[in-house]
Amino acid sequence: MNATANVLCYRSKTLSNGEHPIMLRVCKGGKKKYISLGISVNPKFWDFEKSTPKRNCPNREQLIKVINEQEQKYAEQILEFSVEKREYTPTTLIEAIVPVQKARTVGELFNEYIAQLKDEGRLGYALSVQQVCNSLLKYKGHLDIYFSEIDVNWLKAYESWLRCCKLADNTIGIRFRTLRAVYNLALAEGLVKADCYPFKKYKVSKLHKETAKRAITKEQVKQVIDYDVSGARFYKKLAVDMFAFSYLMGGINFTDMAFLTNKNVEGGRLVYVRQKTKKLIILPLQEKAVEIMNHYRSPQRKYIFPILDNRERTQRQIRNRIYDVLANVNGYLEDIGKSWVLN
């Protein structure tokens with residue numbers, strides 16, 4: 001007995017916009033199977049007797065084209081099965097036209113996500129995700145598992161293992177927040193069902209521990225800004241100037257300072273987009289901050305501060321360069337902190 005494949009407007013389901021999905025129904029031997037065509041229609045524009053969009057339906061021609069193409073595909077596949085005298089069910093008929101997507105393992109999705117982050121230039125976060133991936137590999141020995149296998153007991157066992165590794169609560173919390181983010185990605189891509197989601201019962205928030213706030217007084221900040229760097233090494237002066245500029249300009253971080261150019265100065269304001277959040281920041285320029293910028297400006301260099309030069313670099317090389325200079329700067333600030341200035 002041959003199957004039939006017909007398109008219909010599925011009235012049993014109403015979408016949030018009030019429309020019904022257009023489905024293809026495959027029938028054979030008393031069994032039915034429905035598959036969505038990924039399109040929907042307002043019921044007032046659908047002729048339910050003829051199972052076709054009405055003449056006044058928006059995008060009618062496009063809808064009819066999609067419907068005809070799908071019905072033609074199934075008709076040809078049914079004919080092919082009949083010629084071959086091959087037994088089939090509604091499910092195997094659909095799978096012959098829409099191949100079942102191979103479920104990806106935890107390891108595969110981690111690797112894909114890390115590669116995507118690197119392509120987007122989000123190297124810092126890519127490194128964080130890689131650290132979690134490495135941690136999971138060390139814990140399990142492999143990641144050839146599916147996300148459905150990660151349940152509450154699995155998470156508790158992983159937490160216990162991390163504690164045996166002498167990791168602090170906040171570090172464990174970072175591991176789990178990253179794991180949860182990748183799990184959410186798997187959920188969004190249909191790699192795991194929502195009812196398998198373990199983070200409803202396993203609360204990552206319990207792993208957060210308040211730490212003592214580390215801060216210096218305004219007087220100590222002033223002492224650093226006024227620190228005598230005459231005759232000091234280049235990076236020691238740069239360290240004091242970067243500290244002062246950041247303090248005066250709303251706490252701008254080192255990476256954002258590294259990318260500043262003359263184009264970021266507009267009418268007495270500093271205008272830039274944060275590298276991390278892509279948020280637009282606009283701040284009035286303080287007189288001392290302008291003095292610092294003027295000291296480092298060079299017509300031979302694209303960037304205001306001598307952190308990056310004009311050489312072509314990959315995203316990784318840029319990141320490594322910024323981190324190297326930052327480590328140097330922090331080293332001098334630490335030396336200043338240990339001196340009489342902050343005592």
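## The first sheet: β1, β2 and β3

Val 7 stands opposite Leu 24 in strand β2, and this pair belongs to the set of six bridges by which β1 and β2 are joined in the antiparallel sense. The model described here is a predicted one, and the positions discussed below should be read with that in mind. On its other flank, β2 (residues 20-28) is joined to β3 by eight bridges, again with the two strands running antiparallel. Two of the pairings between these strands can be named: His 20 has Val 41 of β3 as its bridge partner, while Cys 27 is partnered in β3 by Lys 32. In the hairpin that β2 and β3 make, two residues lie between the strands, and Gly 29 takes a positive phi near 60 degrees.

Taken together, the three strands form an open sheet in the order β1-β2-β3, with antiparallel pairing. Because β1 (4-9) and β3 (31-41) each have a single partner strand, they stand at the edges, and one side of each is left without a neighbour in the sheet. From one strand to the next, the twist averages 20 degrees.

## Helices packed on the first sheet

Helix α1 (residues 60-83) packs on this sheet and touches β1, β2 and β3, its direction making about 160 degrees with that of β1. Helix α2 (residues 90-97), for its part, lies across β2 and β3 and runs at about 40 degrees to β3. Is β2 mostly covered or mostly exposed? Strand β2 is mostly covered, for eight of its nine residues are buried.

## Helix α5

The 13 residues of helix α5 (residues 152-164) should span 18 Å at 1.5 Å a residue, and the C-alpha atoms at its ends are 19 Å apart, which agrees with that expectation. The buried residues of α5 are Trp 154, Leu 155, Tyr 158, Glu 159 and Leu 162. Because these buried residues cover an arc of only 135 degrees around the axis, they are placed on the same side of α5. Their cover includes α4 (123-140) and α6 (169-188), whereas the face of α5 turned away from the buried side carries the exposed residues Asn 153 and Cys 164.

Both ends of this helix have a local feature that can be inspected in the structure. At the start of α5, a side-chain oxygen of Asp 151 reaches to within 3.3 Å of the backbone nitrogen of Asn 153. Just after α5, Lys 166 takes a positive phi of about 65 degrees.

## Helix α8 and Tyr 247

Helix α8 (residues 234-248) has 15 residues, and from its first C-alpha to its last it reaches 21 Å, close to the 21 Å expected at 1.5 Å a residue. Its buried residues are Leu 238, Ala 239, Val 240, Asp 241, Met 242, Ala 244, Phe 245 and Ser 246. These buried residues pack against several elements, namely α7 (218-225), α9, β7, α10 (287-296) and α11 (315-338). Just after α8, Gly 250 takes a positive phi of about 65 degrees.

Tyr 247 is also found in helix α8, but with a relative accessible area of 43% this residue is partly exposed. When its neighbours within four places in sequence are left aside, Tyr 247 is in contact with Lys 218, Val 221 and Ile 225. How far apart are Tyr 247 and Ile 22 in space, C-alpha to C-alpha? Tyr 247 and Ile 22 are 58 Å apart by that distance, and they are separated by 225 residues in sequence.

## The second sheet and the loop before β6

Another three strands form an open sheet, in the order β6-β7-β8, and here too the pairing is antiparallel. The edge strands are β6 and β8 (280-284), each of which pairs on one side only. Strand β7 (residues 269-273) pairs with β8 over five bridges in the antiparallel sense, and Leu 270 stands opposite Leu 283 in β8.

Thr 261 is found in the loop between α9 (254-258) and β6 (265-266). Although this residue lies in a loop, Thr 261 counts as buried because its relative accessibility is 12%, which is below the 20% limit used for that term. Leaving aside its neighbours within four places in sequence, Thr 261 is in contact with Lys 302, Tyr 303 and Ile 304.

Note on methods
Residues are numbered from 1 along each chain as its sequence is written. This is a predicted model: local features need pLDDT of at least 70, side-chain atom pairs count only at pLDDT 80 or more; totals for chains, interfaces and linings use all residues. Side-chain values use heavy atoms; hydrogens and water are left out. Helices (H or I, at least four residues) and strands (E, at least two) are DSSP runs, numbered from the N terminus. The expected span of a helix is 1.5 Å times one less than its number of residues. Buried means under 20% relative accessible area, exposed over 50%, partly exposed in between (1.4 Å probe, protein chains only). The arc is that of the directions from the helix axis to the C-beta atoms. Contact means heavy atoms within 4.5 Å. A polar contact is a pair of N or O atoms within 3.5 Å; within protein, one must be able to donate a hydrogen and the other to accept it, and residues adjacent in sequence count only if both atoms are side-chain atoms. Two strands pair if DSSP finds at least two bridges between them. Axes are lines fitted to C-alpha atoms, for helices over the stretch in contact, and angles run from 0 to 180 degrees between N-to-C directions.
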